[in-house]
Amino acid sequence: MSKVTQTAVIGIDVSRDWLDLHCLPNGKRVRVPNNIKGHKQVAGLARDLETLVCFEATGGQEWRLWATLDGAGLATPQLPPAQIKAFAASRGTRAKTDRIDAELIARFMVFRPEAGRSLPHEKLRLLRALVSKHGQIVETRKRLLAQIKAHGKLGSAEVFADMDSDLKDLLHSQVVELEAQIERIIAADENLAETSEILRSVPGIGPVASTMLIAEMPELEYISGEQAAALTGLAPIAHDSGAMRGKRTIAGGRRLLRHVMFQAALVASHHNPNLKPFADRLRAAGKPHKVVITAIARKLVTIVNALCKSRQKWNAQTI
């Protein structure tokens with residue numbers, strides 16, 4: 001891997017068509033296309049400057065660039081957008097352009113050199129893509145079913161019956177095929193298969209939650225329970241000043257994973273023999289539903305992290 005100094009950084013703002021680069025400490029700015037040729041240009045520049053390259057998570061537009069840079073042996077952390085936004089606010093930066101964003105990303109990396117995550121291996125990248133597509137199609141199917149229900153209320157269900165039936169069948173077949181692909185990828189990897197079994201042994205963690213945990217949190221088992229909760233966006237954030245004690249809230253983290261863990265927590269709060277009594281105590285104390293589910297989700301994340309560390313399945317007597 002290339003030698004990296006603390007301040008030798010290239011920050012990149014990634015968009016669909018372009019990559020805007022800001023180099024530190026020399027302040028050089030470069031724009032290259034977001035394609036294979038542009039990715040190779042970035043890799044060459046990073047090698048020439050002996051520097052680290054960093055960028056925000058953009059929902060997938062950075063993954064090909066990330067793979068090219070990683071394959072070239074370059075340090076390439078992916079940074080959480082929420083942290084970049086907070087850093088911009090701390091500097092009083094209000095303007096937002098691609099060039100400004102690239103400089104902010106670079107300066108944040110200098111400020112927090114330990115931040116970000118490294119590229120997951122290829123199987124996890126494919127698994128993440130499949131999980132993301134599965135979620136999109138499931139959401140599309142939900143919207144279609146809502147529309148079919150609306151047609152019934154309007155008395156127009158028969159007009160669209162054949163079309164709606166074909167769409168339902170198509171979406172269902174796509175969901176089934178994606179689930180089969182996901183299962184095959186996990187089953188073909190001994191470590192992933194074992195991790196999946198451990199996760200699904202926990203009452204409340206089903207196929208969707210276990211797959212999402214594997215795909216979206218490759219750090220699982222290598223970090224502390226507190227860190228796992230923070231990465232999921234389930235760690236309470238204090239808002240205290242002097243004698244004032246503000247309301248704790250959750251924020252940031254990996255949004256898609258957090259939403260899935262809320263669903264898992266809803267199941268666990270009624271069916272997990274260890275977590276149900278805890279949920280019942282919170283409800284009896286008058287805690288709002290969202291507070292209860294958030295607390296259960298946080299406990300679930302710390303439990304599965306501990307189990308993955310010990311490589312043991314869930315046991316009501318040992319958790």
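## Close-ups of charged and aromatic contacts

A search of the whole structure finds 14 salt bridges, where a salt bridge is a side-chain nitrogen of Lys or Arg within 4 Å of a carboxyl oxygen of Asp or Glu. This is a predicted model, in which local features need pLDDT of at least 70 and side-chain atom pairs count only at pLDDT 80 or more, while totals for chains, interfaces and linings use all residues. Residues are numbered from 1 along each chain as its sequence is written, and side-chain values use heavy atoms, with hydrogens and water left out.

**View A. Arg31 and Asp20 form a salt bridge.** The closest N and O atoms of Arg31 and Asp20 are 3.1 Å apart. Because Arg31 lies in strand β3 (residues 29-33) and Asp20 in strand β2 (residues 18-24), the pair ties together parts that are eleven residues apart in sequence. Helices (H or I, at least four residues) and strands (E, at least two) are DSSP runs, numbered from the N terminus. Take a look at the two ends of this bridge: Asp20 is buried at 5% relative accessibility, whereas Arg31 is partly exposed at 44%. Here, buried means under 20% relative accessible area, exposed over 50%, and partly exposed in between (1.4 Å probe, protein chains only).

**View B. Arg128 meets Glu216 in a salt bridge.** The N to O distance between these side chains is 3.4 Å. Arg128 belongs to helix α5 (residues 122-154) and Glu216 to helix α8 (residues 207-216), so this pair ties together parts that are 88 residues apart in sequence. Arg128 is buried, with a relative accessible area of 19%, and Glu216 is buried too, at 6%.

**View C. Asp280 and Arg283 join in a salt bridge within helix α11.** Their side chains come to 3.0 Å, N to O. Both residues lie in helix α11 (residues 275-284), three residues apart, or about one turn of the helix. Asp280 is partly exposed at 31% relative accessibility, and Arg283 is partly exposed at 32%.

**View D. Arg29, Glu103 and Arg107 are linked in a network of salt bridges.** To follow the network, find these three side chains together: Arg29, Glu103 and Arg107.

**View E. Trp63 and Trp66 make a tilted aromatic pair.** The structure holds four aromatic pairs; rings of Phe, Tyr and Trp (its six-membered ring) pair if their centres lie within 6.5 Å, with planes under 30 degrees apart counted as stacked, over 60 as edge-to-face and the rest as tilted. The ring centres of Trp63 and Trp66 are 5.1 Å apart and their planes stand at 55 degrees, so the pair is tilted. Three residues separate them in helix α2 (residues 63-71), about one helical turn. Trp63 and Trp66 are both buried, and with Phe55 they form one aromatic cluster.

**View F. Phe87 and Phe108 pair edge-to-face.** With centres 5.6 Å apart and planes at 70 degrees, the two rings count as edge-to-face. Phe87 sits in helix α3 (residues 81-90) and Phe108 in helix α4 (residues 98-111), so the pair ties together parts that are 21 residues apart in sequence. Phe87 is buried at 11% relative accessibility, and Phe108 is buried at 3%.

**View G. Lys299 places its charged end over the ring of Phe278.** The charged end of Lys299 is 4.8 Å from the centre of that ring. A charge sits over a ring if NZ of Lys or CZ of Arg is within 6 Å of the ring centre and within 35 degrees of the ring normal.
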